[in-house]
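Biologist: I should like to go through this model with you, point by point. Please show it first.

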Amino acid sequence: MTFLLLGVAKDISRWLRDPVSFVIYLLVPLLVGGLLTAVTGQGPTPTGTLLVADEDRSMVSRLLVAALFDADLGDTLRVEKSDEAGGRELMNTGDASALLILPDGFGEAFLRQEPTALVLVTNPSEAIMPRIIREGVEIVVDAGFYFQALLGDETRAIYDAVTGDTSDDVDDSAAAEGFSADITAKVTRAAPRLLPPALTVELVEEVDSEEPVPLALLMFPGIIMMAMVLTAQGLSADLWSEAEAGTVRRIAAAPQGFVTSVAGKAIAAGVLTAGVSLVIAALGFVYYGLEPWLLLPVAGWLLICAPALYLAFSLIQLAAPDRRAGAIVSSIIMFPLLMAGGSFFPLEQLPEWIAAIGRFTPNGFMLEQLSGIVTTGRAGAIAGQIWVAMALAGLGLFVLASFATHRRFAHA
Amino acid sequence: MGDTDHAKTGIVITGLVKNFGEFRAVDDLSFRAEGGRVFGLLGPNGAGKSTAIGCISGLTKPTSGMITVNDHDIVREPRAAKRRLGVVPQELAIYPDLPARDNLRYWGAAFGLRGEELGQRVDDVLETIGLVDRAGDLPRTFSGGMQRRLNFGCGIVHEPTVILLDEPTVGVDPQSRERLYELVTEQRDQGACILYTTHYMEEAERLCDEIAIMDHGRMIAHGSLAELRQTAGEHDHLTLTGHFPVEEVRPVIDAISEPHRLLEVLLAEPNQLVIAAHEASTRLPAIFRALEGAGARVSETTLRRPNLETLFIKLTGKELRA
Ligand SMILES: Nc1ncnc2c1ncn2[C@@H]1O[C@H](COP(=O)(O)OP(=O)(O)O)[C@@H](O)[C@H]1O
Ligand SMILES: [Mg+2]
């Protein structure tokens, strides 16, 4: 026990003699996080613009547009008319959250109860507004479907009467709006008995997240993980210092204590790695105004993950022929891990196939659990089995690293 | 330090062989080193000294042969064998960025010391190695000699009864070297069995009670200093540097050495000549005349009384510090 504690203290005191490294481990994630937040222009309170391009200009499409304008929420969500080409232009420059296209022939198909689709183009750099818009559009479309199922014959008659009328006069819109309010009442009553809608909203570049979470907050766990990975990778290079100092061989000449020395190192590295990431986490908690007590489960998770991450990097170092190669190989592995594991772009916004891989990376897995706590605000967001599994993984890596260290540096 | 431990034989090596692939670094080495004595392993670089030390310390697996430390087999009972074994490696094995005192504490704890005993031993060792004043400083700020002393101290915190020292004075200034000699004799006087490797002949002559000379992994001579001196013979060694026509040198020396073979050419190279001579000083004029006649040019002459160096040259035909 004395030896284990002295081992932990030894490495912590040695490593803290080089505070510059830790400043780097702290600053890089903060910088990346700050930059990405600035680039995406997303603060904690989102505002957005929905462009509506009515390429159909039918009675039905105008009704739909009118209903969407009802959903204009002023500061939070603005709804603007546009045409498809102009709308796409604005989307490309990132000046709108989403573009809803009502394609030509939409009204006709809708009235004949033929399958039809609306196209909703969402801006991938925004997480929350496209999400809200999508739900809004779906509600309106659903309402339209119900309306059509209930009153299809009547509307078709009206439609036929006004076919060819492409004028845009105010009376029409006003009439349509009154009409829609009237119908909504009917629909609400009838809704439970209705079939699921045949209309679909086709989402282009859809953002797939369970809960609407601001992008910057989505980035937050990735930034914590970046600090963790950078620190763990950096500290793992100390194995070379030990090998060069001859201390690994010396400990191997002691009757016992070799495994304890590896454990001491892993604990020391774990404490410092978790410490650095916890500083980032605490800063984030202040910035996003999260519940302070949630920091506790976050700290627990970081503490259980950090030694495992350090040991994993140690194994990579031990597989390399020398310090230089170790540094190169571990960096080469680290950056794709950070990329795929959600540290530069939230997993939610990565192409699905990358995100799928990312969730299987050690840091991606750790990040998902961390996100669970941060975005749901539930301390128990990480299941008990996952804690146990992570502890076991750490233990397994510890056994491997002990063997590998002995083989590599204390054998001839 | 339990006296019972000293009743045991420090190190017993029987038929030790260590191969690295095809290469045989240690070849059939056998000796016995007792407590209260310094056993010297003398040999040039690459002789296999460090490899032998590695095997004794349990770090290197012998290819064959047997080693016991304090009567425990290092391969089959490594824990018992290593318990009172102290290793002072050839290369420093300390944390340069950890204060001297913390280094000692750490290595003491590695051997199971703790609490008050650990603190007491660390203080004692700091005293012994003369680093009390620098106990709180980082070894990377120390001189080479101080680092060597700390390296030595880290190997003795747990009061080992067998101490392996691998060329501890390489790259050490004369003053620190003296201090290390004192440390070694101190440990010996306290009853420890010390295995001391070196390629400095003077060091072995001065420090060691018993010496084994190694070359190419083999033990080529073994005994006390007196015994080895006897083996070296009565002959002085005359070492000449300059330019020598190798082919002609041997016949002319042989010619003046008859009829009693008073001279013998041990080594003849274009720039160096080593001759074993009975009472060499009286024969110098004759030797110089003969060499001159053969067209040699002598620029420097060294005359040595028989010693380990001359013994080594006699046994191997080459200089120890080649
Ligand atoms: N791990 C190893 N692998 C291959 N050859 C080695 C190894 N260690 C030592 N040797 C070789 O064994 C020989 C003896 O080395 P060593 O024991 O270090 O000699 P010494 O300590 O007497 O200078 C040398 O030729 C050296 O190159
Ligand atoms: Mg050596």
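Biologist: Which protein donors does the magnesium ion (ligand 2) have?

Modeller: This is a predicted model, in which local features need pLDDT of at least 70, side-chain atom pairs count only at pLDDT 80 or more, and totals for chains, interfaces and linings use all residues; side-chain values use heavy atoms, with hydrogens and water left out. Residues are numbered from 1 along each chain as its sequence is written, while chains are lettered from A and ligands numbered from 1 in the order in which they are written. Donors are N, O and S atoms within 2.8 Å of the metal (3.2 Å for Na, K and Ca), and sites may look incomplete because water is not among the atoms. At 2.0 to 2.4 Å from the ion, the protein donors are S50(B) (OG) and Q90(B) (OE1).

Biologist: How many residues apart in sequence are the parts that this pair ties together?

Modeller: Helices (H or I, at least four residues) and strands (E, at least two) are DSSP runs, numbered from the N terminus. S50(B) belongs to helix 2 (residues 49-56) of chain B, whereas Q90(B) sits in the loop between strand 6 (85-88) and helix 4 (100-110) of chain B, so the parts tied together are 40 residues apart.

Biologist: In what order do the four strands of the open sheet in chain B lie?

Modeller: Two strands pair if DSSP finds at least two bridges between them. The pairing in this sheet is antiparallel, and the edge strands, each pairing on one side only, are strand 12 (263-269) and strand 14 (297-304) of chain B. The order is 12-13-11-14.

Biologist: What is the bridge partner of T239(B) in strand 14 of chain B?

Modeller: Strand 11 (residues 236-243) of chain B pairs with strand 14 of chain B in the antiparallel sense, over seven bridges. The partner of T239(B) in strand 14 of chain B is T302(B).

Biologist: What angle does the direction of helix 10 of chain B make with that of strand 12 of chain B?

Modeller: Helix 10 (residues 246-257) packs on the sheet, touching strand 12 and strand 13 (272-277) of chain B; contact means heavy atoms within 4.5 Å. Axes are lines fitted to C-alpha atoms, for helices over the stretch in contact, and angles run from 0 to 180 degrees between N-to-C directions. The angle in question is about 170 degrees.

Biologist: Which residue forms a salt bridge with R121(B)?

Modeller: A salt bridge is a side-chain nitrogen of Lys or Arg within 4 Å of a carboxyl oxygen of Asp or Glu. Here the closest N and O atoms are 3.9 Å apart, and the partner of R121(B) is E159(B).

Biologist: Is R121(B) buried or exposed?

Modeller: Buried means under 20% relative accessible area, exposed over 50%, and partly exposed in between (1.4 Å probe, protein chains only). E159(B), at 23%, is partly exposed. With a relative accessibility of 15%, R121(B) counts as buried.

Biologist: What is the phi of E167(B)?

Modeller: Most residues other than glycine have a negative phi. E167(B) is placed in the loop between strand 7 and helix 7 (174-189) of chain B, and counts as buried at 3% relative accessibility. Although E167(B) is not a glycine, its phi is positive, at about 40 degrees.

Biologist: How many residues apart in sequence are the parts that E244(A) and R323(A) tie together?

Modeller: Their side chains meet in a salt bridge (3.1 Å, N to O). E244(A) lies in helix 9 (residues 238-245) of chain A and R323(A) in helix 13 (residues 323-340) of chain A, so the separation is 79 residues.
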